[in-house]
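Let's work through a few short exercises together. Keep the structure in view and try each task before you read its solution.

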Amino acid sequence: MRTRVDLFEEHGEVAALWPDSPYRDRTVVCFDRHLDLKPLAPGGEEALRAAVANSASPAGLVRGLPVRGVPGAFGLDDFWSAAAVAADLKHLVWVPSWGAGEGWEARAVNGVSLIATGGEPAEPVVSDCCLTVTLCGVRLAVVPPELLSRHLARHVTGEVVTDIDLDWLVDEHGTTEHSADRLAELVTVCGGEVSAMSWSTRSGFLPAEFRSVGPDVARRLGLEARESSYLPPLPWPEDLMLRVHRGAGVGDPSGATGAPGVVLALLGLSVADGDPDGARTLFERAAALGHRSSWLAYRIGATRYARGEHRAARTALREAAAIDPRDTLGMHARVLCARATLRLDGPGPALAELRAVADELPLRSNVWRTVALLAASVDDREAGETARHRLSVVDTLTRGRSAGRP
């Protein structure tokens, strides 16, 4: 029996354990405030398959910085998709930090609806304890914490291994969502091994003052936490990403060295809502230094859209989507871009643009409602019928099941 658990800075670092096949023939139960499952960045799948074929550790492909848009790499936001390619992951149970209150089914569907599929996802089903759906090569179950015991008893056979992202306990504003005792209790219900824990501090999702929760949770499970991080220190102040997530200004980045393009992009994010022109200048400076930030391009486009500057918004949103069109942020950009097209060019061009997006997002109800409205306005009966079918599927998944309340 293992007496230690590896404690990493970021989720992607757990890939260092993959050569030991921790997921093979097991169901992984992951406690995380975010679902780190989405299509890999361009070149990521090919790089992972090549690493496996050459018996190289996939950990060498982990992004050194917690940012988007790094071709051929993966990290904290697409970790489970990488595991499906390189670590034999097939079954994942995501236990989110939110609970099984009224409408949890709709929240579960919404939580996966921006993950691009390229078509209809395999067998989406909601029962009285979970949403299950196949995405990115993984059979995923979304299970609120109160329903975990029921889900494990009904749907999981064989061994279980648990993965913990410590931001499940505390959000970026320092609000405690669960106690360490509650987490330890749920992990004990899972049985099996705890494969790893991650702080998520360098990505800004767990404030640094809460890092002690890692060893604390380990102690409550009778384990010793072994600090196993291997990523180099960030070339900027430790709390920079945290301030970005909170919507606070990043301040003077002059002390940050080593990744000036990324720092400029983060500075742009801090001013994009109030000064999109200044943010655009920072985007171009960052791009000249080798970092084209889809996140910043999207924020510029969203700000211009909110101001009614639809043509400029569309340009920025198209740029965001071009960097990584199947990323969840890229999908956001494509949806908003189609809405800008509606205001610039009318319903016909907007419908053509949005249909391509909608086919990638079969569970995204607001997109299909817009498709239905646009189809009716231009008398496109085929598009209208497809939209009605998709909305019917989502409605079946999201309507409450009173019998399933704990």
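**Exercise 1. Find what share of the residues is buried.**

Start with the cut-offs: buried means under 20% relative accessible area, exposed over 50%, and partly exposed in between, using a 1.4 Å probe and protein chains only. With that rule, buried residues make up 55% of the 406 residues in the protein.

A word on the source: this is a predicted model, in which local features need pLDDT of at least 70, side-chain atom pairs count only at pLDDT 80 or more, and totals for chains, interfaces and linings use all residues. Residues are numbered from 1 along each chain as its sequence is written, and side-chain values use heavy atoms, leaving out hydrogens and water.

**Exercise 2. Check the radius of gyration against the globule rule.**

The radius is taken over C-alpha atoms, and the rule is 2.2 Å times the number of residues to the power 0.38. For 406 residues, a compact globule would come out near 22 Å; the protein has 21 Å, so the two agree. Along the principal axes, the C-alpha atoms fill a box of roughly 65 × 55 × 45 Å.

**Exercise 3. Search for disulfides and look at Cys130.**

First, recall that a disulfide is a covalent bond between the sulfur atoms of two cysteines. The test is a pair of cysteine sulfur atoms within 2.5 Å. Searching the whole structure gives zero disulfides. For Cys130, the nearest cysteine sulfur belongs to Cys129, 3.9 Å away. Finally, Cys130 is buried, with a relative accessible area of 2%, and Cys337 is buried with 4%.
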